[in-house]
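Please open the structure in your viewer and keep the selection tool at hand. The stops below indicate what to select and what is found there.

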Amino acid sequence: MDKQLLKLRLHRLAVTLIRPTTWLSLKHRIAAPAEHLGVLRTLSVDGIIDVGANKGQFTLACRMVLPCVPVVAFEPIPSEAATFRKVHGKFANVTLIESALGETNGRATLHLSRSADSSSLLPIGRRQIELFQHSAEVGTMEVVVQRLDNLATHWPQRIRQLLKLDVQGFELNVLRGAVETLRSCSYVYAECSEVALYEGQALRAEVASFLKENGFGEPILYNPYFDDQGQLIQGDYLFTRR
């Protein structure tokens, strides 16, 4: 296993083991995503939109640091959504919507990865498979796609939200369907790539340019991932409203 990924997984396991409130997640093979706890502690928000929720890892981090802040999460893969509900279903301030998000409403083909959290509405690229060997495509499925701006009834009167994006190259597509939603957000926390990992994806510079046009400043980089030659491949970028 890649040394960076192994170190990350061991850190997550250690953080989970010392927090009894997160032990239920281990039953479903989810360790607390410790790499996000630090940035979450710095934010003052009145709502969280978790796009690309997978099994609920990021929502778990939010519950650990910001337990009173409501979360609206989106996950299109039924098996991952089912696990999310097992982990978070009893929490009244956590809502899961089983849908993908994009620029327009409709249906689309989701490319399923052997590692479900690497699945994407974009075809999985050669570079992604080279770097992350367990992310090759194993099938496809048709999913519902919605625009965030059509779902604002889920976060009425909120003005300091955090929009988190982990959608495997589809970040710009989601943002183009979320221009109104962005006005309710103080922060956007997005996993972005510096090199193309999925076919047709927007890179970090394009995402940053779009967010700049919509009132956000230059991002801060967290959790950088480098290849064996030391090239920055991707990371989590925090954009703050100016």
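**A tour of rings and strands**

Begin by selecting Tyr-222, which is partly exposed at 24% relative accessibility; buried means under 20% relative accessible area, exposed over 50%, and partly exposed in between, with a 1.4 Å probe and protein chains only. This is a predicted model, in which local features need pLDDT of at least 70 and side-chain atom pairs count only at pLDDT 80 or more, while totals for chains, interfaces and linings use all residues. Residues are numbered from 1 along each chain as its sequence is written, and side-chain values use heavy atoms, with hydrogens and water left out.

Next, add Tyr-189, which counts as buried at 3% relative accessibility. Phe-58 joins Tyr-189 and Tyr-222 in one aromatic cluster; rings of Phe, Tyr and Trp (its six-membered ring) pair if their centres lie within 6.5 Å, and planes under 30 degrees apart count as stacked, over 60 as edge-to-face and the rest as tilted.

The count of aromatic pairs comes to three. One of them, Phe-132 with Tyr-225, is tilted, at 5.0 Å centre to centre and 40 degrees between the planes. Phe-132 is buried at 13% relative accessibility, and Tyr-225 is buried at 7%.

Then select Arg-63, which lies over the face of Phe-91 at 3.6 Å from the ring centre; this requires NZ of Lys or CZ of Arg within 6 Å of the ring centre and within 35 degrees of the ring normal.
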